[in-house]
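Colleague: I have a new model open and would like to practise reading it with you. Could we go through it feature by feature?

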Amino acid sequence: MGDFKRLVAWQKAHAFELAVHAAFKGRRLAAAPGFRGQLLRAVGSIPDNLAEGCGKRSRRALAKYAEDAYASAKEVENDLIKARDLGLLPRT
């Protein structure tokens with residue numbers, strides 16, 4: 001379908017992934033083992049799915065990967081709310 005780096009959704013997803021990684025840099029989450037890794041995998045899957053979808057030959061296939069990226073974004077949103085409410089991340 002094209003160059004994923006030109007896709008605005010991928011650019012924003014990539015920036016979001018970097019921001020989430022930065023928020024967790026240097027933080028040890030002993031209170032929630034595995035939580036950090038799961039959240040970082042989920043946030044990484046957003047731009048990954050968009051990039052993979054751009055490698056497909058149809059808009060329908062790209063839309064399927066975009067839907068998967070959206071689902072991962074909702075998972076990350078839930079996890080960030082959880083991290084905030086549990087005091088694992090600051091409110092800012």
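Modeller: Gladly. Keep in mind that this is a predicted model. Let us begin with the overall layout and then move to side chains.

Colleague: How many helices and strands does the chain have, and in what order do the elements run?

Modeller: The secondary structure comes to 3 helices and 0 strands. From the N terminus on, the order is α-α-α. The C-alpha atoms fill a box of roughly 45 × 20 × 20 Å along the principal axes.

Colleague: What share of the contacts joins residues 24 or more positions apart?

Modeller: Of the contacts with a separation of 6 or more, 65% are between residues 24 or more positions apart. One pair to look at in space is S45 and E17: they are 28 residues apart in sequence, and their C-alpha atoms are 9.1 Å apart. S45 belongs to helix 2, and at 19% relative accessibility S45 counts as buried. The cut-off for buried is under 20%.

Colleague: And for the chain as a whole, what fraction is buried, and what makes up the accessible surface?

Modeller: Buried residues make up 32% of the 92 residues. The accessible surface comes to about 6,200 Å², with 55% of it belonging to carbon and sulfur atoms.

Colleague: Let us turn to helix 3. How does its span compare with what its 27 residues should give?

Modeller: The general idea is to take the rise of 1.5 Å a residue and compare the expected span with the distance between the end C-alpha atoms. For helix 3, the expected span is 39 Å and the end C-alpha atoms are 39 Å apart, so the two agree.

Colleague: Which residues of helix 3 are buried, and what covers them?

Modeller: The buried ones are L62, Y65, A69, S72, V76, D79 and A83. Their cover includes helix 1 (8-24) and helix 2 (35-54).

Colleague: What is found on either side of this helix?

Modeller: Ahead of it, G55 sits in the loop between helix 2 and helix 3. G55 is exposed, with a relative accessible area of 59%. From G55 to E77, 22 residues along the chain, the C-alpha atoms are separated by 26 Å. Just after helix 3, G87 takes a positive phi of about 80°.

Colleague: Now the charged side chains. How many salt bridges does the structure hold?

Modeller: There are 5. To read one, look for a side-chain nitrogen of Lys or Arg within 4 Å of a carboxyl oxygen of Asp or Glu. Take E77 and K74: their closest N and O atoms are 3.1 Å apart. Both lie in helix 3 (residues 59-85), 3 residues apart, which is about one turn of the helix.

Colleague: Are E77 and K74 buried or exposed?

Modeller: Neither label fits: E77 is partly exposed at 40% relative accessible area, and K74 is partly exposed at 40%.

Colleague: Which residue does K82 meet in a salt bridge?

Modeller: K82 meets D79, at 3.7 Å from N to O. Here too the partners are in helix 3, 3 residues apart, about one turn of the helix. Their settings can be read from the accessible areas: K82 is partly exposed at 35%, whereas D79 counts as buried at 6%.

Colleague: And what about D85, which residue is its partner?

Modeller: D85 pairs with R84, the closest N and O atoms being 2.9 Å apart. D85 counts as partly exposed at 49% relative accessibility, and R84 is partly exposed at 33%.

Colleague: Last topic, the rings. How many aromatic pairs does a search of the whole structure find?

Modeller: The search finds 1. The pair is F4 and W10, with ring centres 5.1 Å apart and planes at 70°, so the pair is edge-to-face. The cut-off that matters here is that planes over 60 degrees apart count as edge-to-face. F4 is partly exposed, at 27% relative accessible area, while W10 is buried, at 15%.

Colleague: Where does the charged end of K5 sit?

Modeller: Over the ring of F4, 4.8 Å from its centre. F4 therefore takes part in the edge-to-face pair with W10 and also has the charged end of K5 over its ring. In a further case, the charged end of K64 sits over the ring of Y65, 5.5 Å from its centre. Y65 is one of the buried residues of helix 3.

Key. Residues numbered from 1 in each chain as written. Heavy atoms only, no water. Helix = DSSP H or I, 4+ residues; strand = E, 2+ residues; numbered from the N terminus. Buried < 20%, exposed > 50% of the residue type's maximum accessible area, 1.4 Å probe, protein only. Phe/Tyr/Trp six-rings, centres within 6.5 Å; stacked < 30°, edge-to-face > 60°. Lys NZ or Arg CZ within 6 Å of the ring centre and 35° of its normal. Expected span 1.5 Å × (residues − 1). Contact = heavy atoms within 4.5 Å. Areas by Shrake-Rupley, 256 points an atom, 1.4 Å probe, with all protein chains shown as cover.
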